[in-house]
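Please open the model in your viewer and keep the selection tool at hand. The stops below can be followed in order.

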Amino acid sequence: MTELVCIGCGAEIQSENPAEPGYAPPAALKREPIICQRCFRLKNYNEIQDVPLTDDDFLKILHGVGQSDSLIVKIVDIFDFNGSWISGIQRFVGNNPVLLVGNKADILPKSVKHQKLIQWMKREAKENGLKPLDVFLASSSRGQGIKELTEAIEQYREGRDVYVVGCTNVGKSTFINRIIKEVSGENDVITTSHYPGTTLDLIEIPLDDGAALYDTPGIINHHQMAHYVEKQDLKLLSPRKEIKPVVFQLNENQTLFFGGLARFDYISGGRSSVVCYIPSELYIHRTKRENADEFYEKHKGELLQPPHLENAEDFPELVPFTFTTGEEKMDIVFSGMGWVTVNEPGKKVAGYAPKGVHVTIRKSLI
C-alpha cells in the first residue's frame, strides 16, 4: 500500500493516535488532498497542537540533504538574520551549492538600499563560514522577488533536486507556496503559520523534469525569543508591517525596556542617540539604570508585558551581555526580537534578555 503523507506538513498519515504526528480521522482519508488534523486546525482555526518531535528528529531528516546531489536554498529572516542563521550549516549542505535568501525584506524600512543589504548579507555569510553562489532578497508574504528567485533556482539547479532549508519561522513554507503559485497557479499547498515547527517531515513537490523541490523541517534555534514567550504573543515577534525606527537621546546610565522581554542599558560614553528596530507592538519604556531592577520586578506582567501577569513569575530572569562599540555603527541584536543601533564608537552598553536568549553585537545592518 502506498504511504500517505499530509500535503500540509509532510507527516505520514495515520488514524490510530490523535496525539502523534500525521493523525487524520478515517473520514478525512476520503478527501483530496489529504491533510492531517493538526494542519486542518492550523489552517482553519489558527490552533497549534504540540507534537513530540525532538531536535534529533529534525537533524536526522536534514542529514540526508548533505549526502544528496542538489541545490540548497537557505532562507533566513532578514529581520532576525543572526537569530535565524543555522550554525554549522556546512554540515547539512555538504558540497552542494547554496543560494542565500533574505526573506521578509518588506519589513525593513523603505530607506534601506537592497544592494547594500545584499553586500552586508554576503559579508555576514562569509564570517559564518558560508560562501553562497548568489544572494537574494524576497518577501514570501507579499510575493516580492519571487519571480526572479524562481528563475535563478531553475538556472542554478541544472536538473537537480532542490532542498529549501532554514530554522523555524523564517517563512520557508510560505516561500515554497509562492513558488508553487508562480509556476502552477495553485494557492497555499503547504501549511504556514507563525508558530515554530509547522513542517514535520520532508514535503516533496515534483518538478517537470523528474526532479523535486523539498520543504524541510525548520531547525529549532533555542536561543530565539520565540521559544520563551506564550503562544498568544508569537505574533508580536513576527511583524507583518514595515518596522519604524524609534530614536532615543540617552544620557549615561539610562535603561530602555522592551515590554518585559528585554532591556538595553546605556552605561557610559556621554550623551548619545540610539535607534531601536523593534516590533511596534512592544512598548518601549525609559527609566534610570539605578532603578531598573526594582522597576522591572514591580511592573513585569503589567506595564511591562509580555510576559502577562499570570505567567510573569515563571518567566526566565533577564541576564546581561555587555559590549563596547567599535569604530563603526554597531547593532546590539536580541535574537528573535530586533536590535538597537548605537551610532558612535566607544560607548559601553548592555543588552539583557531571558536566560538562554542570545544577545550579540554586529556591524550595523542599516
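What follows is a tour from the whole chain to one sheet, one strand, one loop residue and one helix.

**Ground rules.** This is a predicted model, in which local features need pLDDT of at least 70 and side-chain atom pairs count only at pLDDT 80 or more, while totals for chains, interfaces and linings use all residues. Residues are numbered from 1 along each chain as its sequence is written, and side-chain values use heavy atoms, with hydrogens and water left out.

**Stop 1: everything.** Select the whole protein, which has 7 helices and 16 strands; helices (H or I, at least four residues) and strands (E, at least two) are DSSP runs, numbered from the N terminus. Of its 366 residues, 53% count as buried. Buried means under 20% relative accessible area, exposed over 50%, and partly exposed in between, with a 1.4 Å probe and protein chains only. About 17200 Å² is exposed by the protein, and 47% of that comes from carbon and sulfur atoms; the areas are Shrake-Rupley values with a 1.4 Å probe, and for residues only the protein chains shown count as cover. Contact means heavy atoms within 4.5 Å. Among contacts between residues at least 6 apart in sequence, 71% join residues at least 24 apart.

**Stop 2: the open sheet.** Select S7, S10, S14, S13 and S16, in that order: these 5 strands form an open sheet with antiparallel pairing. Two strands pair if DSSP finds at least two bridges between them. S7 and S16 (359–363) are at the edges with a single partner strand each, so one side of each has no neighbour in the sheet. From one strand to the next, the twist averages 25 degrees; axes are lines fitted to C-alpha atoms, and angles run from 0 to 180 degrees between N-to-C directions. Next, show S13 with S14, an antiparallel pair with 5 bridges, in which Phe-334 stands opposite Gly-338 of S14.

**Stop 3: strand S10.** Select residues 272–277. How many residues of S10 are buried? The count is 6 of 6. Ser-272, Val-274 and Cys-276 point one way, and Ser-273, Val-275 and Tyr-277 point the other way. In a regular strand, side chains alternate between the two faces of the sheet. Center on Cys-276 to see partners in two strands: Val-246 stands opposite Cys-276, and in S14 the bridge partner of Cys-276 is Val-340. S10 pairs with S7 (246–250) over 5 antiparallel bridges, and 4 bridges join S10 to S14 (338–342), also antiparallel.

**Stop 4: Thr-325.** Move to the loop between S12 (318–324) and S13 (330–334), where Thr-325 is found. Thr-325 is buried, with a relative accessible area of 5%. Draw a distance from the side chain of Thr-325 to the backbone nitrogen of Lys-347, and it reads 2.9 Å. Beyond neighbours within four places in sequence, Thr-325 is in contact with several residues, including Met-330, Val-342, Pro-345 and Ile-361.

**Stop 5: helix H7.** Select residues 292–299 and color Ala-292, Phe-295, Tyr-296 and His-299, the buried residues of H7. Viewed down the axis of H7, these buried residues fall within an arc of 100 degrees, so they line one face of the helix; the arc is that of the directions from the helix axis to the C-beta atoms. The buried residues of H7 pack against S8 (254–258), S9 (262–268), S11 (284–288) and S12. On the other side of H7, Asp-293, Glu-294, Glu-297 and Lys-298 are exposed. End at Gly-301, which follows H7 and has a positive phi, near 95 degrees.

Notes. Polar contact = N/O pair within 3.5 Å; in protein donor to acceptor, adjacent residues only side chain to side chain.
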